[in-house]
Amino acid sequence: MGRRRPDTPTLEEVAAHAGVGRGTVSRVINNAAGVKDSTRRSVQQAIAELGYVPNLAARSLAGRRTDAVALVLTEPEWRVFAEPFFSEIVRSLGDALTDTGMQLMLTLVRSDDERQRFLEYARGGRVDGVLLMSVHEGDRLPDMLAEARLPTVMLGRRSGDEYVSYVDADNVGGARSAVSHLLSQGRTAIATVTGPLDMYVARCRLRGYRDALALAGLNGEPSLVAESDFTEDSGRRAMAQLLERHPEIDGVLAASDTTAAGALRALRAAGRRVPEDVAVIGFDDFPLAERTKPPLTTVRQPLEEMGRAMIRLLLEDMEEPSVAYRHVILRTELVVRESA
């Protein structure tokens, strides 16, 4: 009872007829979100032409969807909610999900116990996919999700050997172009305020800074590097330390616009004019960059495109799991304003 007759079309045959994957056919049958209208029409036409009748029992078991995506923030500090990067990324992800009908759920995971609890929550079918951001070096959560075969996409990566699917910006190239711009203006004592160096993004921007100096035949001294945590206050403190060590500094690359805003405060407090005495470049191109005094020259990360790419990769993996992890690196752009 309930078995198909030999001449009954199969799900695979419908997929082949429509020119799509088996998972896409399942999502159309279950009226799930994330399928393009043109694809949905093609599948529906194939179903009609072949006379396919869904196996309702199998559908009830295999077609369970929550239409919810978890955005997991692994940053241990609550201060991240005050940072422009967080709000801009949440906005871009929300915009990318607008036409899918899916909900974006924010989850904080800050300890090993919380990692295990979230893993069990996700494995229990409460979300269809996971987006990760602010992941630090050595965090096991991406590996745990991959081992559980849960569709997962990271914003950024933990190292150059990352295998979990991710979307990132060209942080090395962006920092290199920023320092090259400073060098082209005749700046020779160029410092950098990094992000936290247990994050790969910060190490990449530091590498781009060093690459540009090396290409110009300059050996960047370690004492021209000061670490921050991407916040304005840490940027102010780091800039003050750099000025104390090297009063001759005439150029600075900050690892974020927020950090650069802090550096500008420290320079004003020290009586340094920007850009006459010290040129400053940030990284991100948040709206903040246009409101600083002077307006900030910065490296633009394509945050909207990054959000769309993350959602696209996640939806594709939810529709039909791929045997390959996918890595997307998007170009950056130097936006020249008045600070450099």
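How many bridges join strand 5 (residues 166-169) to strand 11? Keep that one in mind while we look around this predicted model; the answer comes with the second view.

**View 1. The whole chain, before we zoom in.** Here's the full predicted chain, with 13 helices and 12 strands. Its C-alpha atoms fill a box of roughly 85 × 40 × 35 Å along the principal axes. Of the 340 residues, 51% are buried. Take the contacts with a separation of 6 or more, and 72% of them are between residues 24 or more positions apart. The accessible surface comes to about 16,300 Å², and carbon and sulfur atoms own 48% of that. As for charge, there are 43 positive and 49 negative side chains, with the centres of the two sets 3 Å apart.

**View 2. An open sheet with parallel pairing.** Six strands line up here in the order 2-1-3-4-5-11, forming an open sheet whose pairing is parallel. Strand 2 (103-108) and strand 11 (327-330) are the edge strands, each pairing on one side only. From one strand to the next, the twist averages 20°. Back to the opening puzzle: strand 5 and strand 11 run parallel and are joined by 4 bridges. Look along that pair and you'll find Ala 169 opposite Leu 330 in strand 11.

**View 3. Helix 13 against the parallel sheet.** Helix 13 packs on the sheet made of strands 2-1-3-4-5-11. The strands that helix 13 touches are strand 1 (68-73), strand 3 (129-133), strand 4 (152-155), strand 5 and strand 11. Compare directions, and helix 13 makes about 165° with strand 4.

**View 4. A second open sheet, this time mixed.** Another 6 strands come together in the order 7-6-8-9-10-12, again as an open sheet, and here the pairing is mixed. The edges are strand 7 (225-227) and strand 12 (333-335), which each pair on one side only. The twist averages 20° from one strand to the next. Strand 8 (residues 251-254) and strand 9 (residues 279-284) pair in the parallel sense over 3 bridges, with Gly 251 partnered by Ala 279 in strand 9. Helix 8 (residues 171-184) packs on this sheet and touches strand 6 (190-194), strand 8, strand 9, strand 10 (297-300) and strand 12. The direction of helix 8 makes about 165° with that of strand 9.

**View 5. Strand 6 and its two neighbours.** Is strand 6 mostly covered or mostly open? Mostly covered: 5 of its 5 residues are buried. Ile 190, Thr 192 and Thr 194 point one way, while Ala 191 and Val 193 point the other. Strand 6 pairs with strand 8 in the parallel sense over 4 bridges, and Ile 190 stands opposite Gly 251 in strand 8. Strand 6 also runs parallel to strand 7, joined to it by 3 bridges; there, Thr 192 sits opposite Val 225.

**View 6. Gln 301 in its loop.** Gln 301 is found in the loop between strand 10 and helix 13 (303-319). Buried or exposed, then? Buried, because its relative accessibility is 5% and the cut-off for buried is under 20%. Leaving aside neighbours within four places in sequence, Gln 301 is in contact with Phe 85, Ala 169, Asn 171, Arg 205, Phe 283, Asp 284 and Met 306. You've already met one of these: Ala 169 is the residue opposite Leu 330 in strand 11.

Definitions and conventions
Residues numbered from 1 in each chain as written. Predicted model: local features only at pLDDT ≥ 70, side-chain atom pairs only at ≥ 80, totals over all residues. Heavy atoms only, no water. Helix = DSSP H or I, 4+ residues; strand = E, 2+ residues; numbered from the N terminus. Buried < 20%, exposed > 50% of the residue type's maximum accessible area, 1.4 Å probe, protein only. Contact = heavy atoms within 4.5 Å. Areas by Shrake-Rupley, 256 points an atom, 1.4 Å probe, with all protein chains shown as cover. Lys, Arg positive; Asp, Glu negative; His and termini not counted. Charge placed at Lys NZ, Arg CZ, Asp CG, Glu CD. Pairing = 2+ DSSP bridges. Axes fitted to C-alpha atoms, helices over the stretch in contact; angles between N-to-C directions.
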